[in-house]
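Welcome, and thank you for opening the viewer. Please load the model, set the view to cartoon, and keep the selection box within reach.

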Amino acid sequence: MRYTLKVRWMETITHDIIIVGAGIAGLRAAIAAAEISNKIDVSILSKVHPIRSHSVCAQGGTAATLREGDSYNLHAWDTVKGSDFLADQNVAEFFVKQAPKEVITLEHWGCPWSRTPDGKINQRPFGGHSFPRACFAADMTGLHEMHTLYGRAVMQENITFYNEWFATSIIIQNNISKGLTAIELKTGEMHALRAKAIIMATGGCERIYAFTTFSHTATGDGMTIAYRAGVPLKDMEFIQFHPTGLVPSGVLITEGARGEGGYLINADGERFMKRYAPEKMELAPRDIIARAETTEIQEGRGLDGPYGPYIALDLRHLGEEKIKERLPLIHDVAIKLGGVNPVEEPIPIKPAAHYSMGGIHANIRTETPASGLYAAGEGACLSIHGANRLGTNSTSDCLVFGFVAGEEAAKYALSKDSRELPQDKILAEERRVFDQVLGSEGDERVSVLRDEMRRIMNDKVWIFRREDELQSALKEIRQLKKRFKSVKIEDEGRSFNTGLVAALQLDFTLDLAEVTIISALARTESRGAHSRLDYPKRDDENWLKHTLAYHTKEGPRLEYIPVTITKWPPSARAY
Ligand SMILES: Cc1cc2nc3c(=O)[nH]c(=O)nc-3n(C[C@H](O)[C@H](O)[C@H](O)COP(=O)(O)OP(=O)(O)OC[C@H]3O[C@@H](n4cnc5c(N)ncnc54)[C@H](O)[C@@H]3O)c2cc1C
């Protein structure tokens, strides 16, 4: 054992509310909680500087009903149909009514939305939406939203930031959340933090896959942390594959490129979407387009390139001026990372893992089953997006339910007394992190195990799924979990030990890969983004229900809960 744990008295940090995650959901929650009363002491903890959260990468827009011709009902219906009827309809209905308020709030706080010639917030079309309702700031919507929120949050005197602090566990006792443990990355010290309320806003887990549009930070830590503390994960089989990941890096080319009129073309120069979604064409929902592209490639109609077959995204007919005005980031990214100038050549793309529809089980008030623990943003599952999220609904979700989580947590915190942290749980966590993971004397490398996990998920738990491949993936992931016990971290230091962080993240993602596979194996139907070749039809009779995965020593245990239907009974889903 290289590091010897010195059991010592650990100073406990106390706040009324601790928010884990400083993306759009976390920042929105912090502001909402802080504004309820200046007596509330809010803290926000992030493993990277807030402005490096994945939310800054959001490109295409934020959905909200703002104009005549659109309606809450239409937005809710689009969301429910897009979800392949797995969304909880009461949540979708509430969500669409709150989204415009959030867009206007950001406007008042200075968000530089793109404008119409008469100065109104501009909106563009997006996949699966029957009205152009994506408010955007060129193709850097998330960046501007994040700067607006961060600027607002740092103005609040009752918000404390813990930047570059890595949460490792939450402490729940008798079903009451009491606090958490986190490593201050600069010193390498582990701290115990206690709070009356905790909000998990830790984002998605796309980095369980090799080819993804997401940042390296998207390792779903908060999902595993909650899961291990006894809170179930919901609908984890549903992973969204975005139709336009840039080849070879996977960097996103926003759906806004198709919203502005871009075409998808196969090797025959054909706009093949006419065979899959004749009405919506390139603006069909993502699950449908990702399957269409995969089918084109599998049937030999992909274009040939040095990184394998791909599909072409053609923007040339939009003209240089429009491309540079509406899609400046895409223009640069295509040139710098794809080696093509989109004004002159089509962009090489293929489907990439893009969104976790599943997450920490929470209700319409963002409450999880543990008292005092809330969840919002991509790491939560409320569920608005069901089996398939519509583009631009995620940033709106983060704003709307970030706000709700902040308010709910504040009300809860104001009504409760402070809590004591059980020291034995903190010491056990310190031992796990420093003795078992950092102190491990094995010979397995984090990067090797991580690459293997991502390859397995890419090869066997991708867009089209089959029982035999899922079974084999499960076996392999479980072998990796065993091998993880012999992992060796080269860096023995404490300060900014990125090797330790990578190991802890790998450990979290291995659990999530396992839950994803087990949930996918059980769901013997095809719905939204979960497409089973051996069960190609949607089966409402048996599967109109949410999956809940509970942590046990033997692996995930599944339970199911009904979907809330208010207005729209499931019907055929055609575009
Ligand atoms: C390239 C790209 C483009 C997108 N475009 C759009 C779009 O146009 N419209 C749209 O609606 N959606 C879009 N999305 C999706 C959307 O951006 C995300 O779903 C959303 O921003 C997630 O926000 P979040 O607040 O839940 O989490 P994130 O922004 O992912 O933030 C997670 C936070 O949790 C913190 N964290 C995680 N683990 C820990 C830990 N262990 N300890 C401490 N802190 C931790 C991180 O530091 C970070 O602050 C896009 C996504 C990508 C990748």
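Please start by selecting T392, which is buried because its relative accessible area is 4%, under the 20% limit. What you have in front of you is a predicted model, so please read every value on this tour as a computed one. T392 sits in the loop between β17 and α10. Turn on the backbone and check its phi: the angle is near 75°, a positive value in a residue other than glycine. As background, most residues other than glycine have a negative phi, and most peptide bonds are trans.

Stay in that loop for the next stop. S383 is also found between β17 (380-381) and α10. Select it together with L382, and you will find a cis peptide bond joining the two, with omega at about 10°.

**A second cis bond and another positive phi**

Where is the other cis bond on this tour, the one that involves P248? Select V247 and P248: a cis peptide bond joins them, and omega is about 10°. P248 has its place in the loop between β11 (239-246) and α6 (256-259).

Now go to the loop between β10 (233-234) and β11, where D235 is found. D235 is not a glycine, yet its phi is positive, at about 55°. Is D235 buried or exposed? Its relative accessibility is 0%, so D235 counts as buried.

**The ligand**

Next, select the ligand and show the residues around it. There are 38 of them, and S53, H54, S55, G60 and E378 come nearest. Colour this shell by residue class and you should get 16 nonpolar, 18 polar and four charged residues.

Three backbone contacts are worth drawing as dashed lines:

- A22: one of its polar backbone atoms is 2.8 Å from an oxygen atom of the ligand.
- A25: here a polar backbone atom and a ligand oxygen atom are 3.0 Å apart.
- K47: a backbone N or O atom lies 3.0 Å from a nitrogen atom of the ligand.

Switch on a surface now, if you like. On its own the ligand has 1000 Å² of accessible area, and the protein covers 97% of that. Which elements give two or more residues to this shell? They are α1 (24-36), β2 (42-46), β7 (165-173), β14 (347-356) and α10 (393-414). Highlight α10 among them: with four residues, this helix gives the most to the shell.

**Rings**

Hide the ligand and show the aromatic side chains. How many aromatic pairs does the structure hold? The count is 12. A pair of aromatic rings is described by the distance of the centres and the angle of the planes. Try both on F272 and Y276: the centres are 6.2 Å apart and the planes meet at 85°, an edge-to-face arrangement. The two partners are worth colouring by accessibility. F272 counts as buried, because its relative accessibility is 0%, while Y276, at 27%, counts as partly exposed.

Then select W77, F85 and W568, which ring pairs link into a cluster.

Rings also have charged neighbours here. Select K81 and Y575: the charged end of K81 sits over the ring of Y575, 4.1 Å from the ring centre. Follow this with R124 and F136, where R124 lies over the face of F136 at 3.9 Å from the ring centre.

**Two strands to finish**

Move to β20 (residues 545-550) and pick T547. T547 counts as buried because its relative accessibility is 1%. Show side chains, and what does T547 touch through polar contacts? One contact, of 2.6 Å, joins its side chain to that of E237. Another, of 3.4 Å, joins the side chains of T547 and R523.

Last, select R557 in strand β21 (residues 557-562). With 39% relative accessibility, R557 counts as partly exposed. Zoom out and add P309 to the selection: R557 and P309 are 248 residues apart in sequence, and their C-alpha atoms are 39 Å apart in space.

Methods. Residues numbered from 1 in each chain as written. Predicted model: local features only at pLDDT ≥ 70, side-chain atom pairs only at ≥ 80, totals over all residues. Heavy atoms only, no water. Near = heavy atom within 4 Å. Polar contact = N/O pair within 3.5 Å; in protein donor to acceptor, adjacent residues only side chain to side chain. Areas by Shrake-Rupley, 256 points an atom, 1.4 Å probe, with all protein chains shown as cover. Nonpolar A, V, L, I, M, F, W, Y, C, P; charged D, E, K, R; others polar. Phe/Tyr/Trp six-rings, centres within 6.5 Å; stacked < 30°, edge-to-face > 60°. Buried < 20%, exposed > 50% of the residue type's maximum accessible area, 1.4 Å probe, protein only. Lys NZ or Arg CZ within 6 Å of the ring centre and 35° of its normal.
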